[in-house]
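Colleague: Thanks for making time for this one. Could you bring up the sequence and the model, so that we can go through them together?

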Amino acid sequence: SLYNLASLELRENLLTYLPESLAQLQRLEELDLGNNELYHLPETIGALFNLKDLWLDGNQLAEIPQEVGNLKNLLCLDVSENKLECLPEEISGLTSLTDLLVSQNLLQVLPDGIGKLRRLSILKADQNKLIQLTDSIGDCESLTELVLTENQLQSLPKSIGKLKKLNNLNADRNKLTSLPREIGGCCSLNVFSVRDNRLSRIPSEISQATELHVLDVAGNRLTYLPLSLTTLKLKALWLSDNQSQPLLTFQTDTDPETGEKILTCVLLPQMPSEPGCQDNLPRCGALESLVNEMSDETWNERAVNRVSAIRFLEDEKDEEENEMRTLLRRATPHPGELKNMKKTVENLRNDMNAAKGLDSNKNEVNNAIDRVTTSV
């Protein structure tokens, strides 16, 4: 009978059901039922025509009644952390919806009707069981953020290239074996992350996404990168676990199978890392770890004197300024050299200990130690 009620917050209780009379709250705009024990929603929830925000996260819902599609004014729907195996096709009726959160459910597909949500800006469908992404996703013309992390996706639809406003696309920890060339059509894409998938190549068309600043392709099976990548003003690029050696200077080459111009270096392609090897990788350049835990065979002697350049490009900067901001990083020394360095340091340490009682030699030893430490 609370006819004028506009906001009802019942989060974090032990509610197991909702009364049918809830439908009488015709002026209700916000309904928060998150973190309860709801197993079922009454069909009458579709009668709350003025509802703008509906939070149902953290419950036990296995389905959503199709009447939810009647909520024409709904802006935000959060049904994350439930047990949903599907969404009703009638969700297409939520024409005002801007935020749809369905994370941590059991969804294998998203309904085709999702393409009718032309105002949808944020779609989070991470930690589900999605095996495919509907082609109609390309019709969500207002989409700016798409999170698909931790699913079972093997590919992305070509229609994804129609998302001209998409700014953030995250598909980490899926089973992607390829990316569509149309990905370059996402002209506003700023952050693109496909970490821990099964990608063997990145399409050269990625360079058409000229606003791309962050690219994470770590934990894949890449053997090379497209040459077109050099045209992007990347500020962050993750490549770890595609190779087990340090990244060296790239050279241009030609793929013998396709004839495509590519970027490569002496360390690409590589064999998969040995199980358990990753735990033994040296951290922070520790000398002892480098010397004792890595074998000579894991390094290429040609890498010793190579210099790799990391460029941080800023918008609206001329080439002269870019040259000034270039950071030169010399490749990590060969383990053989490190062993010699270690031996030299140990010899000097022994000499120093032997000379502790000789005042006349103290200064000379200290100076030698300083010189060797500086060079190492």
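Colleague: Which residue's side chain makes a polar contact of 2.6 Å with the side chain of Ser 103?

Modeller: One thing to keep in mind throughout is that this is a predicted model. Ser 103 lies in the loop between S5 and S6, and its contacts beyond four places in sequence include Ser 80, Lys 124 and Ala 125. The residue that joins its side chain to that of Ser 103 in the 2.6 Å polar contact is Asp 126.

Colleague: And is Ser 103 buried or exposed?

Modeller: Buried means under 20% relative accessible area. Ser 103 has a relative accessibility of 9%, so by that cut-off Ser 103 is buried.

Colleague: Let's look at the strands on either side of that loop. Which residue of S6 stands opposite Leu 100?

Modeller: Strand S5 covers residues 99–101 and strand S6 covers residues 122–124. The two run parallel and are joined by 3 bridges. Opposite Leu 100, in S6, stands Leu 123.

Colleague: Which strands are the edge strands of the sheet they belong to?

Modeller: That open sheet has 11 strands, paired in parallel, in the order S1-S2-S3-S4-S5-S6-S7-S8-S9-S10-S12. From one strand to the next, the twist averages 5 degrees. The strands that pair on one side only are S1 (7–9) and S12 (236–238).

Colleague: Then there is the antiparallel sheet. Why is one side of S11 and of S13 left without a neighbour in the sheet?

Modeller: Here 3 strands form an open sheet in the order S11-S14-S13. S11 (225–226) and S13 stand at its edges, so each has a single partner strand. For S11 that pairing is with S14, through 2 bridges, with Pro 226 opposite Ile 262. The reason for the free side is therefore the edge position, with a single partner strand for each.

Colleague: Which residue in the turn of the S13 and S14 hairpin has a positive phi?

Modeller: S13 (residues 251–254) and S14 (residues 261–264) run antiparallel and are joined by 4 bridges, with Gln 251 opposite Thr 264. The hairpin has 6 residues between its strands. The turn residue with a positive phi, about 75 degrees, is Gly 259.

Colleague: What about residues other than glycine: what is the phi of Glu 81?

Modeller: Most residues other than glycine have a negative phi. Glu 81 sits in the loop between S4 and S5 and is partly exposed at 39% relative accessibility. Glu 12, in the loop between S1 and strand S2 (30–32), also has a positive phi, near 60 degrees, and is exposed at 58%. For Glu 81, the phi is near 60 degrees.

Colleague: Now the interior. Which residues touch the most other members of the largest nonpolar core?

Modeller: In soluble globular proteins, nonpolar side chains tend to be buried together. The largest nonpolar core here has 69 residues. Leu 31 has contacts beyond four places in sequence that include Leu 8, Leu 22, Ile 45 and Trp 55. The members touching the most others are Leu 31, Leu 148 and Phe 192.

Colleague: How far from Cys 186 is the nearest cysteine sulfur?

Modeller: A disulfide needs two cysteine sulfur atoms within 2.5 Å, and by this rule the count is 0. Cys 186 is buried at 0% relative accessibility, whereas Cys 86 is partly exposed at 45%. The nearest sulfur to that of Cys 186 belongs to Cys 187, and the distance is 7.8 Å.

Colleague: One more loop residue, please. How far apart in space are Ala 62 and Leu 41, C-alpha to C-alpha?

Modeller: Ala 62 is in the loop between strand S3 (53–55) and strand S4 (76–78), where it is partly exposed with a relative accessible area of 45%. Its contacts beyond four places in sequence are Tyr 39, Lys 83, Leu 84 and Glu 85. Ala 62 and Leu 41 are 21 residues apart in sequence, and their distance in space is 9.8 Å.

Colleague: To finish, what percentage of the protein's residues is buried?

Modeller: The protein has 4 helices and 16 strands. Of its 376 residues, the buried ones make up 42%.

Terms used. Residues are numbered from 1 along each chain as its sequence is written. This is a predicted model: local features need pLDDT of at least 70, side-chain atom pairs count only at pLDDT 80 or more; totals for chains, interfaces and linings use all residues. Side-chain values use heavy atoms; hydrogens and water are left out. Two strands pair if DSSP finds at least two bridges between them. Axes are lines fitted to C-alpha atoms, for helices over the stretch in contact, and angles run from 0 to 180 degrees between N-to-C directions. Buried means under 20% relative accessible area, exposed over 50%, partly exposed in between (1.4 Å probe, protein chains only). A polar contact is a pair of N or O atoms within 3.5 Å; within protein, one must be able to donate a hydrogen and the other to accept it, and residues adjacent in sequence count only if both atoms are side-chain atoms. Contact means heavy atoms within 4.5 Å. A nonpolar core is a set of buried Ala, Val, Leu, Ile, Met, Phe, Trp, Tyr and Cys residues joined through side-chain atoms within 4.5 Å.
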